[in-house]
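Open the model in your viewer and keep the selection tool ready. The stops below go from a helix pair to the sheet and then to the whole chain.

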Amino acid sequence: MSDDAATLMRNQKIILFDAQCKLCSAWCNFIISNDANVIFKLCSVQSPKGALLLIHFGFSTTQYASMVYLQNGKAYTQSHAFFEVVKQLGYPYKLATVFSILPNTFNNWLYDKIALNRYILFGKYNYCRIPNPDDAKHYLI
């Protein structure tokens, strides 16, 4: 593990997201609104820190096919990332993990259908989202 990536991940639960994606930005707003204890840190894949973490795990820094959730030096993607995050948000959001009993191939197929078409379905910003100063504690610094 590179020292820089290891330092960023130390004792952090990091959600890497596509800041140009309107769906991903809505997801970040949801996390900010429902993560009262600030257990997650958000990090744009377009940022230098996001790119460093993507490279560390061998993910592309130009094609973003999935949200990436990092915890304890492990990267979760697709539906696995989603389920890992919502189960930690508590009730009622934790109830969404009931769908994790479905086959991984189905959950990841559904995730990919949405993720790979997110710009068409939800739109795209021509710029990266700039966080509200009040929400700074939710972002990886």
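Angles under 35 degrees count as roughly parallel, over 145 as roughly antiparallel, 65 to 115 as roughly perpendicular, and the rest as oblique. Axes are lines fitted to C-alpha atoms, for helices over the stretch in contact, and angles run from 0 to 180 degrees between N-to-C directions. Helices (H or I, at least four residues) and strands (E, at least two) are DSSP runs, numbered from the N terminus.

Two notes on the model. It is predicted: local features need pLDDT of at least 70, and side-chain atom pairs count only at pLDDT 80 or more, while totals for chains, interfaces and linings use all residues. Residues are numbered from 1 along each chain as its sequence is written, and side-chain values use heavy atoms, with hydrogens and water left out.

**Stop 1: two helices**

Select residues 78-88, helix H4, and residues 104-115, helix H5. Their axes lie 7 Å apart and make an angle of about 95°. H4 and H5 are therefore roughly perpendicular to each other. Now show side chains. On H4, the contact (heavy atoms within 4.5 Å) uses Gln78, Ser79, His80 and Phe83. On H5, Asn104, Asn107, Asn108, Tyr111 and Asp112 take part. By class, this contact has 2 nonpolar, 6 polar and 1 charged residues. Here Ala, Val, Leu, Ile, Met, Phe, Trp, Tyr, Cys and Pro count as nonpolar, Asp, Glu, Lys and Arg as charged, and the others, Gly among them, as polar.

**Stop 2: the sheet**

Which strand order does the open sheet have? Its 4 strands run S2-S1-S3-S4, with mixed pairing. Two strands count as paired if DSSP finds at least two bridges between them. Select 41-44 and 74-77 for the edge strands, S2 and S4, each of which pairs on one side only. Neighbouring strands are turned by 25° against each other on average, direction ignored.

**Stop 3: strand S1**

Select residues 13-17, strand S1. Of its 5 residues, 4 are buried, so S1 is largely enclosed by the rest of the structure. Buried means under 20% relative accessible area, exposed over 50%, and partly exposed in between (1.4 Å probe, protein chains only). S1 pairs with S2 in the parallel sense over 4 bridges. Isoleucine 15 faces leucine 42 in S2 and tyrosine 69 in S3.

**Stop 4: strand S3 and its hairpin**

Move to residues 68-71, strand S3, which runs antiparallel to S1 and is joined to S1 by 4 bridges. Leucine 16 has valine 68 as its bridge partner. Val68 and Leu70 point one way, Tyr69 and Gln71 the other, and all are buried. S3 and S4 are also antiparallel, again over 4 bridges. Leucine 70 stands opposite alanine 75 in S4. Their hairpin has 2 residues between the strands, and asparagine 72 takes a positive phi near 55°.

**Stop 5: helices on the sheet**

Select residues 48-56. This is helix H3, packed on the sheet and touching S1, S2 and S3. Its direction makes about 100° with that of S1. Return to H4: it lies across S1, S3 and S4, at about 105° to S4.

**Stop 6: zoom out**

The protein chain has 6 helices and 4 strands. From the N terminus, the order is α-β-α-β-α-β-β-α-α-α. Its C-alpha trace spans about 35 × 30 × 30 Å along the principal axes. Of the 141 residues, 38% are buried. Among contacts between residues at least 6 apart in sequence, 67% join residues at least 24 apart.
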